[in-house]
Amino acid sequence: MFKNYFEFIQIIKILSIKRLWNLILLYKSYLLSLILKKPFVWAYPFAITIEPTTMCNLFCEECPTGKKTLTRSTGKIELSLFENIIEQVYKKTFYLNLYLQGEPFIHPEIIEMIKYAVNKKMFVCISTNGHFLNSETCSEIVKSGIQKIIVSLDGATEETYLKYRKGGDFTKIKNGIKELSVCKNQLNSNTPEIVLQMLVNKYNENEILLVQKLKENIGANKLELKTMQIYFDYNFLPNTIIFKRYIKDSDGKFVLNKKLRNHCYRIWSNAVFTFDGYIIPCCFDKNAEQKFGNINNETFNKLWRSNNFNKFRLSILKDRKKHEICRNCTE
């Protein structure tokens, strides 16, 4: 749950008695579910993911949005719907991931959403491709009180970066991160934590140390290295085994480079909502093929504890590998 000391301190500041008790019930019910192979849902998730929009300005090589293969509709969340979701969960749920598919800063009311959640004493994390980090937006971001921003930077040079981030502007992103760091200093703020995220692939795996050095030069706080989720082109697979999410099986088919066990904490700990209000199992369900209802029609409590959702949880406890979204997951 806590990625580092900074995140731990920020969460301790907002962890009320009600949220702490909910967290205890969450762990207990999940543990019992694992033991008895039957879903028990005694608590709300500690985290929630809300999708601001499915629109994006880039055409990334392994992203269903960027490749235009996303089968669901394109749109952005209504501010009233966002507020409705937050109102129903914030007393127990304290961590908000404000991203799913799409680029969050395309949404014209993204700063208002951040402020709304921060005012409810939630830890807010957003992930961006960095192309909207101009001086005005950076100032608004820092003033909003958001605790964490993840910026995708998949290389130390423009040539390497553009192998994956089609349509991107390497220099613009670097300048945007610098501007965000400058705004933090000017406003005497230690938030947000600026995290560079690097999807390690064949073209950038030899630049990790260079990106680490770049992080220092542009004022970011941390570098996170991630394996690539691949749908279309396995030529992106790196040679370094620890960053290689897939390997070939005996039939020559690419499969996940880890054993898939029959459990998943995410579907107890994190509720995921699409921009149009559907609750889905997790972020790996890009096309929202597993919908358990819509918060426009039902309360969060009913959706979270619904028979359909619990049937899915039960199937994970019994045979997780039968779900395609799970066969691509590193959880």
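Ile 48 stands opposite Leu 96 in strand 2, and I should like to begin from that pair. The model before you is predicted: local features need pLDDT of at least 70, side-chain atom pairs count only at pLDDT 80 or more, and totals for chains, interfaces and linings use all residues. Residues are numbered from 1 along each chain as its sequence is written, and side-chain values use heavy atoms, with hydrogens and water left out.

Strand 1 covers residues 47–50, and its pairing with strand 2 is parallel, over three bridges. Two strands are taken to pair if DSSP finds at least two bridges between them. Strands (E, at least two residues) and helices (H or I, at least four) are DSSP runs, numbered from the N terminus. In general, strands of a sheet pair through backbone hydrogen bonds, either parallel or antiparallel.

Which way do the side chains of strand 1 point? Ala 47 and Thr 49 point one way, Ile 48 and Ile 50 the other, and all are buried. Buried means under 20% relative accessible area, exposed over 50%, and partly exposed in between, with a 1.4 Å probe and protein chains only. In a regular strand the side chains alternate between the two faces of the sheet.

Let me turn to the sheet as a whole. It is an open sheet of eight strands with mixed pairing, in the order 6-5-4-3-2-1-9-10. Strand 6 (222–227) and strand 10 (279–280) stand at the edges with a single partner strand each, so one side of each has no neighbour in the sheet. Strand 5, residues 193–200, runs parallel to strand 6 and is joined to strand 6 by six bridges. Within that pairing, Leu 199 stands opposite Lys 226.

Next, the helices that lie across these strands. Helix 1, residues 5–14, lies across strands 2, 3, 4 and 5, and runs at about 140° to strand 3. Helix 8, residues 208–218, lies across strand 5 and strand 6, at about 145° to strand 6. For these angles, axes are lines fitted to C-alpha atoms, for helices over the stretch in contact, and angles run from 0 to 180 degrees between N-to-C directions.

Helix 8 contains Lys 215. Is this lysine buried or exposed? At 6% relative accessibility, Lys 215 counts as buried. Leaving out residues up to four places away in sequence, Lys 215 touches Leu 196, Ala 220, Asn 221, Lys 222 and Leu 223, where contact means heavy atoms within 4.5 Å. The side chain of Lys 215 also makes a polar contact of 2.7 Å with that of Glu 216. A polar contact is a pair of N or O atoms within 3.5 Å; within protein, one must be able to donate a hydrogen and the other to accept it, and residues adjacent in sequence count only if both atoms are side-chain atoms.

I move to the aromatic residues. The structure holds 20 aromatic pairs. The rings of Phe 40 and Trp 42 have centres 6.1 Å apart and planes at 65°, so this pair is edge-to-face. Tyr 161 and Phe 170, by contrast, form a tilted pair, 5.7 Å centre to centre with 45° between the planes. Rings of Phe, Tyr and Trp (its six-membered ring) pair if their centres lie within 6.5 Å; planes under 30 degrees apart count as stacked, over 60 as edge-to-face and the rest as tilted. Tyr 161 and Phe 170 are buried, whereas Trp 42 is partly exposed at 39% relative accessible area.

One aromatic cluster is formed by Tyr 44, Phe 273, Phe 292, Phe 300, Trp 304, Phe 309 and Phe 312. Over the ring of Tyr 44 sits the charged end of Lys 92, 4.8 Å from the ring centre. A charge sits over a ring if NZ of Lys or CZ of Arg is within 6 Å of the ring centre and within 35 degrees of the ring normal. Ser 269, in helix 9, is buried at 4% relative accessible area, and its contacts include Ala 47 of our opening strand and Trp 304 of the cluster.

I close with some backbone details. Which peptide bond is cis? The bond from Thr 191 to Pro 192 is cis, with omega near 0°, and Pro 192 is found in the loop between helix 7 and strand 5. Two residues that are not glycine have a positive phi: Lys 37, at about 55°, and Ala 288, at about 50°. Lys 37 counts as partly exposed at 32% relative accessibility, while Ala 288 counts as buried at 2%.
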